[in-house]
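Morning, everyone. I have one structure to walk through today. Please have a look at it while I talk.

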Amino acid sequence: MSAPRLVDWDLAVATACRLVPPGPAIGYAAAEAVVVDLRAAAVEAEEHVSALTSLTGDPTAGPVVVVDRPDWIRSNITGFRLVVDPLAEQLLSARGVSASAAVTAIGSRVAAVQVGALLSYLATRVLGQYEVFLPPGQGSGRLSLVAPNIVETERRLGVDPRDFRRWVALHEVTHRTQFTAVPWLREHVLSEISAFLLASDLDPAALAARLRDALVVVADAARHRGERSLIEIVQTPEQRVILDRLTGFMSLVEGHAEYVMDEVGERLVRSVPELRRRFEDRRATANPLERMVRRLFGIDLKLKQYAEGAAFVRAVVSQVGMAGFNRIWASARTLPTGAEIRDPAAWLRRVPGVGSAIESA
């Protein structure tokens, strides 16, 4: 008999796939053409990303995979399961709590419905993703583009499909280049996520206090007040320290990709200024319900990471050039903190060797 889990992953998949809408109506021939175009856009982007960033990705990395919403859901839940299950067992063991007792207390099926509902929402928003956590034997990562979301977004924005697909491909190929050119990044992310989850506090009193705070956040979000997300509330002091490092890292990789989108896009995609304007307008004009969901689950935090990270990359590259900026990938110690993302000069002062790069730039 298999060990009980904190999340019923099969139910999570079933819930998410049942709740997610199918996406825009498109005929078979048109869908095939979209797949071909997206794959070509990703191949075309590789050379341009490498030329701008001076990073060389792994030439053996698998080809881009074009998926629909249920495929994206199933793949992400597989990744969650690979990371969460071993860590959950380790956490429960460290706290002296049996898995079966935790499942009874927390409810693996309740957790599954919550995970499924969240992923059903995200599956309508994600345009592409470099999947870092794959089952053994399936490689170290996979670049996926979510075709129905890309088609739906380009239709809503009223932009040229060819330009939009190449713009999106630049962003996602940059992520693949980051993780394959800097192999230690994958283990670093796993280590930080592990540390974050293992720093959880299962003490009932502490957990109840944070859940009460979470209810206040939900109420504030419904009234469009306050700035905090559930992710920021339901965590221990130790987790807040780790979250600052994770925020710095995510701002870096997302901002780096945004920088590449615009720098390369100006040469490769003729309508980049219009694409950027319409994309930002779309983010700013979400309906009240969508704004509440984005706030609650930290999606607005991710959008903020895009902007702050891109500003950080532009500031550093303007000071030390791309060669100086690439010192950032030397080790985990040279990655920026959340505070340094907002103060690039602090990172330039801290990281060894960047001063000489300033002199030679």
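**Contacts, surface and aromatic pairs**

Let me start with contacts. In the protein chain, take the contacts with a separation of 6 or more: residues 24 or more positions apart account for 79% of them. Keep in mind that this is a predicted model.

Now the overall make-up. The protein chain has 16 helices and three strands. There are 361 residues, and 48% of them are buried. The exposed surface comes to about 17400 Å². Carbon and sulfur atoms supply 58% of that.

On to the aromatic rings. How many aromatic pairs does a search of the whole structure find? Five. I will show two of them.

One is F179 with F249. The geometry is edge-to-face. The centres are 6.5 Å apart, and the planes are at 85°. Where do these residues sit? F179 is in helix α6, residues 161–181, and F249 is in helix α10, residues 237–268. So the pair ties together parts of the chain that are 70 residues apart in sequence. Are the two buried or exposed? F179 has a relative accessibility of 14%, so F179 counts as buried; the cut-off is under 20%. F249 is at 3%, and F249 counts as buried as well.

The next pair is F312 with W347. This one is edge-to-face too, with 5.9 Å between centres and 75° between planes. F312 belongs to helix α13, and W347 to helix α15, residues 344–350. The two are 35 residues apart, and the pair links distant parts of the chain. What about burial? F312 has 0% relative accessibility and counts as buried. W347 is buried, also with a relative accessible area of 0%.

Back to F179 and F249 for a moment. Ring pairs join them with Y130 in a cluster.

Last stop: A323. Which helix holds A323? Helix α13, which covers residues 299–325. That is the helix we met with F312. Is A323 buried or exposed? A323 is exposed, with a relative accessible area of 65%. The cut-off for that label is over 50%. F312, in helix α13, is buried at 0%. So helix α13 holds a buried residue, F312, and an exposed one, A323.

A323 also has a partner to look at: T53. In sequence, A323 and T53 are 270 residues apart. In space, C-alpha to C-alpha, the distance is 8.6 Å.

That's my tour. Questions, please.

Terms used
Residues numbered from 1 in each chain as written. Predicted model: local features only at pLDDT ≥ 70, side-chain atom pairs only at ≥ 80, totals over all residues. Heavy atoms only, no water. Helix = DSSP H or I, 4+ residues; strand = E, 2+ residues; numbered from the N terminus. Buried < 20%, exposed > 50% of the residue type's maximum accessible area, 1.4 Å probe, protein only. Contact = heavy atoms within 4.5 Å. Areas by Shrake-Rupley, 256 points an atom, 1.4 Å probe, with all protein chains shown as cover. Phe/Tyr/Trp six-rings, centres within 6.5 Å; stacked < 30°, edge-to-face > 60°.
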